[in-house]
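Trainee: I'd like to learn how to read interfaces, both inside a chain and between chains. Can we walk through one together?
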Amino acid sequence: MAASKTVGDVLRANGVSRRGFMKFCAATASMMALPPTMVSAVAAAIENARRPSVIWLPFQECTGCLESLTRSHTPTVEGLIFDAISLDFNHTLMAASGQRAEDALDAAVQENWGNYLMLVDGSIPTGEFADYSCTNGHSHLDMLKKYAAGAAAIVTIGTCAAYGGIGRANPNPTQAVGVQDIIKDKPIINVPGCPPIPTVITGVLAHYLTFGTIPELDHHGRPMAFFGQNIHDRCYRRPFYERGLFAKTFDDEGARKGHCLYQLGCKGPVTYNACATLKWNNGVSWPVQSGHGCIGCSEPNFWDKGSFYRPLSAAYYGDARTVGISVAAGAAAGLAAAALARGKQKKAQQEEKA
Amino acid sequence: MSSLAGIGVKIESGGGIEPELRGNALPLLHEIRHALARLVEEGEPTVLDIQSLPMGPGDLTRLMDALGEGEVKAELNCLGKTLIREARYSGVWIIEHFDGAGAIASRFIEINWVPPLLQAQAEDVQKGLMELADALAPAGN
Amino acid sequence: MNEGLYFEGMSLLDFARGPAFRWAVAIFIIGIVWRLTALLLVSPKRLEPVKGSATSGGVRTMLTRSAPAHELEKNIIFQHYSGYAWHISMFIVLLFFAPHMMFFKQILGFGWPTLPNLFITFFAVVTMGILLVLLARRLMNPVLRQISTMDDYVSWIIAFLPFLTGIMSFTHITFGMQYETVLALHILSICLLLVWFPFGKLMHALFIWPSRYKVGAAFARRGVRA
């Protein structure tokens with residue numbers, strides 16, 4: 001667990017030439033959504049950056065976030081960043097298992113107390129359900145609190161770790177929450193998405209590796225570089241929205257021509273992520289380009305915002321019962337008012353006659 | 001893990017997309033033109049990161065078709081393959097970085113006399129010098 | 001489904017689209033039915049002899065009142081036609097903007113073709129402009145100022161807010177607020193409109209028809225054109 005080497009040393013030890021290093025820095029700068037003019041600054045920073053210790057703790061998760069990251073084939077720039085930042089513990093990826101893995105975790109944590117980066121994926125069950133999600137007899141709630149105490153910063157990978165995700169969706173049977181609901185005294189970078197785009201994950205790690213600081217975050221704790229724009233404003237189908245050309249079903253003329261998917265429930269206008277520009281599978285495509293509206297997977301509670309196929313502006317006016325009761329109540333009030341008024345009229349007429 | 005390119009894909013509707021509604025190929029070409037002018041007048045190079053721009057389907061192909069092929073093609077082998085080729089407009093270089101499995105990692109368009117990545121790097125030259133000296137030493141030279 | 005119900009972690013936008021909207025609609029319906037029932041049932045007994053057909057007179061008046069009375073024309077022509085311009089622009093924005101159409105489609109079960117956003121922006125600006133001009137007129141014209149009541153000003157504000165918040169959301173000119181907050185305010189301004197609607201001047205939208213009919217019918221009975 002030699003955290004004293006610089007990243008430059010690690011890359012050279014891996015046989016990477018200077019040219020290779022410059023290619024690595026160019027790709028990393030691109031990954032961090034930095035302009036190409038900053039590549040030399042990035043190169044200088046990475047060359048001398050200390051290799052931080054990183055532990056990855058999976059909690060109540062489906063492993064999709066880790067899959068997303070490792071689907072990036074190695075050796076890649078992303079793979080190198082990951083290796084370069086010395087992933088000291090990840091019980092899915094590491095060769096050791098059982099008690100030996102536990103010991104490796106504790107050793108890494110002890111040696112780097114106060115300085116390690118803690119990556120978390122999966123939500124954390126709380127209350128009476130805390131023990132339902134545990135590893136080697138320790139509940140994940142306890143593990144989170146224990147290892148967060150010595151972390152320099154926490155990066156939550158995926159919507160589950162950031163905001164609770166699907167575990168927290170109504171009726172939240174395990175009382176699951178995200179990391180920020182439990183840890184209040186450490187810097188937290190949320191990298192939500194279900195799963196997050198792998199480039200975004202490594203971009204955030206690259207930022208920490210290069211600059212040693214937390215990137216600028218929005219009000220939901222997400223890095224502005226990747227989550228600062230909403231999907232709608234970056235969507236290549238936006239001209240269709242402006243011109244009023246929509247797909248009305250999934251296989252009609254509009255759908256074939258690639259028209260806007262607003263009427264099929266796209267949540268692009270209220271979702272902030274980099275899907276429209278970075279795309280998925282190394283830039284091959286993304287949901288809208290493949291013909292399905294955005295489901296808003298990087299937003300808190302997106303599972304509970306109604307159907308994925310219900311347009312954003314569709315009304316929630318209530319049900320027939322509410323309407324019926326309102327009509328009855330109104331009619332009753334109206335009749336009462338009319339009766340009162342008629343009574344007054346009659347009285348006035350009688351007085352007039354008299 | 002096999003490359004995604006190995007999966008058979010059948011394109012059903014090709015002609016239905018109105019090309020004039022896609023924005024980005026034309027504005028990018030103009031930006032390249034301005035950058036080339038800057039290179040000629042002020043000697044200042046420019047690098048454009050193509051991966052980070054919203055491109056609709058077909059946009060990238062249109063851009064690459066417009067840029068075409070020039071006189072120089074170079075294949076680098078460091079940390080995976082990198083292809084550098086000159087466009088039909090001299091001074092415009094298309095740099096494509098690939099990862100170990102052949103998938104695209106990043107794409108740049110550099111407007112410069114020669115991309116710095118093509119040049120030999122000082123560190124590597126030093127290392128090369130030492131290695132050559134070592135290789136020649138046993139022969140008593 | 002969580003709409004209309006309270007759930008943990010609900011944001012302002014969820015609240016606006018859920019419980020707030022549901023209650024606003026309920027109050028809207030109660031109010032409308034109440035006031036219409038009261039209006040329609042409260043008719044004094046007609047004692048005079050019938051001199052003409054009441055129903056045809058009523059229907060006739062419903063239509064003729066759409067143009068200004070000949071005697072008053074010169075005085076009210078500006079007001080009358082700016083009223084038309086405003087209402088037409090307002091309905092274009094309300095009904096032919098795609099997200100609005102989807103809103104009604106959810107309630108009615110059917111939709112209709114929409115206009116490109118460029119037209120909608122134009123008409124929204126026209127609507128807001130006319131509202132501002134008419135407010136200025138109301139404040140500067142001595143007669144109007146004297147006869148204006150709290151209802152007039154409140155109704156103006158309640159009619160203006162949806163357009164202001166709508167334009168702010170659409171253009172993302174949010175003065176530092178988040179987009180979702182402004183969108184929530186847009187929906188809440190509609191909730192406010194729904195709640196105020198049955199009880200203030202805005203009720204004219206529904207009252208004009210029975211009102212014109214009754215006046216026309218009453219006069220027609222007496223053999224007089226209204």
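Mentor: Sure. Keep in mind that this is a predicted model. Let's begin inside chain A, where 21 residues of domain 1 are in contact with 16 residues of domain 2.

Trainee: Where do the two domains of chain A lie in the sequence?

Mentor: The domain assignment puts domain 1 at 7-226 and domain 2 at 229-334. Their centres, taken over C-alpha atoms, are 31 Å apart.

Trainee: How do people put a number on an interface?

Mentor: The size of an interface is often given as the accessible area lost when the parts come together. Here, domain 1 and domain 2 of chain A bury about 1,500 Å² between them, and carbon and sulfur atoms give 64% of that. On the domain 1 side, A:I197, A:R222 and A:F226 supply 34% of the area buried against domain 2, more than any other three residues.

Trainee: Which side chains form a salt bridge with each other there?

Mentor: A:R222 pairs with A:E299, at 2.9 Å from N to O. The rule finds 1 salt bridge across this domain interface, along with 5 residue pairs in polar contact, both partners at pLDDT 80 or more. For secondary structure, the elements giving two or more residues to the domain 1 side are α8 (159-163), α9 (165-168) and α10 (198-211) of chain A. That side divides into 11 nonpolar, 8 polar and 2 charged residues.

Trainee: Now the chains. Which pair shares the most contacts?

Mentor: Chains A and C, out of 2 pairs of chains in contact. Chain B and chain C don't touch, with their nearest C-alpha atoms 14 Å apart.

Trainee: So how many residues are in contact between chain C and chain A?

Mentor: 44 residues of chain C meet 45 residues of chain A. Together these chains bury about 3,800 Å², 57% of it on carbon and sulfur atoms. C:R17, C:R22 and C:M102 supply 16% of what chain C buries against chain A, more than any other three residues.

Trainee: And what about the polar side of things?

Mentor: Again the rule finds 1 salt bridge, this time between chain C and chain A. C:D14 and A:K305 make that link through their side chains, at 3.0 Å from N to O. There are also 8 residue pairs in polar contact, with both residues at pLDDT 80 or more.

Trainee: Which element gives the most residues to the chain C side?

Mentor: That's α1(C), with 15 residues. By type, the side of chain C that touches chain A splits into 26 nonpolar, 12 polar and 6 charged residues.

Notes:
Residues are numbered from 1 along each chain as its sequence is written. Chains are lettered from A and ligands numbered from 1 in the order in which they are written. This is a predicted model: local features need pLDDT of at least 70, side-chain atom pairs count only at pLDDT 80 or more; totals for chains, interfaces and linings use all residues. Side-chain values use heavy atoms; hydrogens and water are left out. Domain bounds come from an automatic or database domain assignment. Contact means heavy atoms within 4.5 Å. Buried area is the accessible area (1.4 Å probe) that two parts lose on being put together, summed over both. A salt bridge is a side-chain nitrogen of Lys or Arg within 4 Å of a carboxyl oxygen of Asp or Glu. A polar contact is a pair of N or O atoms within 3.5 Å; within protein, one must be able to donate a hydrogen and the other to accept it, and residues adjacent in sequence count only if both atoms are side-chain atoms. Helices (H or I, at least four residues) and strands (E, at least two) are DSSP runs, numbered from the N terminus. Ala, Val, Leu, Ile, Met, Phe, Trp, Tyr, Cys and Pro count as nonpolar, Asp, Glu, Lys and Arg as charged, and the others, Gly among them, as polar.
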